[in-house]
Amino acid sequence: MRIFDFPDFPNPLRVRIALAEKNLGSLIDFVFVDLPGAEHKQEPFLAINPEGTVPVLELDDGTYISECTAIIEYLDHLEGKPTLTGTTPKQRAMIHMMQKRAERELLYAVGHYFHYGTPGPGPILMPYKRPEWEARTEWAGFERDRAMEAMRYFNDVLAKQPFVAGHEFSMADITVWSGLYFARVAKLEIPTELTALMAWHIEMSQRPSVVSPA
Ligand code: GTS
């Protein structure tokens, strides 16, 4: 199998952490996509993923799978422990719900703020962004506030349970981690009064899959 991505960027990191958790990294050949050079916004990459985003998993039969959740779901059903997407109906539903909240309210909000409220990844990509959004600094500020609100929400969650979706580490933790990783790049730090989120963040930063992703 192959994965098209750009190492250390927040969404590719989600899949690379999942691979390390499940010890499946040796199954994958990584193909570098030049994101700052806008390679993902042009052919032939658009034939692989019309959304023009990474990561993309290519199966040995030539099937392309984009979306981190879909990729992790696929990998999770191959082999290896721990299970990242749950086993019981309740676990699976809780992980799905919490990961969606983390993705929408934290990771994507930070991404929008980074791309439209800061210089972002550089000038080459600008023509591929929506120009009318670029001018909307007010909107970017709203996205920043939404991300900070999400940090408060996950602080409350983690004050009551050890992991984002309950008592087991899951894909939802990976999404929150990646959101906070992106937040740091965008210079949005976790407020120190969010002690449960800070403690979880320290613990996550020592997790072997986070220290050494695939
Ligand atoms: N929903 C997609 C997923 O889950 O895979 C989002 C993927 C995504 O936005 N990837 C970013 C990307 O390709 C890379 S990252 O920098 O966010 O990690 N962005 C391209 C662009 O120009 O929007």
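Trainee: Which helix gives the most to the shell around the ligand?
Mentor: This is a predicted model, where local features need pLDDT of at least 70, side-chain atom pairs count only at pLDDT 80 or more, and totals for chains, interfaces and linings use all residues. Residues are numbered from 1 along each chain as its sequence is written, and side-chain values use heavy atoms, with hydrogens and water left out. Helices (H or I, at least four residues) and strands (E, at least two) are DSSP runs, numbered from the N terminus. With four residues, the element that gives the most to the shell is helix H1 (residues 10-22).

Trainee: How many residues surround the ligand?
Mentor: A residue counts as near if one of its heavy atoms lies within 4 Å of the molecule. The closest are Asn11, Val54, Glu67, Cys68 and Tyr108. The full number around the ligand is 16.

Trainee: Which residue has a backbone N or O atom 2.7 Å from an oxygen atom of the ligand?
Mentor: Look at the polar contacts (pairs of N or O atoms within 3.5 Å). For Pro10, a backbone N or O atom is 3.1 Å from a ligand oxygen. Val54 has one 2.8 Å from a ligand nitrogen. At 2.7 Å from an oxygen, the residue is Asn11.

Trainee: How much of the ligand's accessible area does the protein cover?
Mentor: Accessible areas come from the Shrake-Rupley method with a 1.4 Å probe. On its own, the ligand has 550 Å². The protein covers 86%.

Trainee: How much space lies in the largest pocket?
Mentor: On a 1 Å grid over the protein atoms alone, a pocket is an open set of points where a 1.4 Å probe fits, with protein on both sides within 12 Å along at least five of seven lines. The ligand takes up the space of the largest pocket. Its volume, the space filled by probe spheres set on the points, is about 980 Å³.

Trainee: Which element gives the most to the pocket lining?
Mentor: Lining residues have an atom within 4 Å of a point. There are 33 of them, and those closest to the centre include Asn11, Lys41 and His115. Elements giving two or more are H1, helix H4 (89-117) and helix H7 (171-185). With eight residues, the top giver is H4.

Trainee: Which residue follows Val54 across a cis peptide bond?
Mentor: Most peptide bonds are trans. This one has omega near 5°. The residue after Val54 sits in the loop between helix H2 (45-48) and strand S3 (56-58). That residue is Pro55.

Trainee: Which residue other than glycine has phi near 65°?
Mentor: Most residues other than glycine have a negative phi. The one with this positive value is in the loop between strand S2 (29-32) and H2. The residue is Ala38.

Definitions and conventions
Polar contact = N/O pair within 3.5 Å; in protein donor to acceptor, adjacent residues only side chain to side chain. Sits in = over half its atoms within 2 Å of the grid points.
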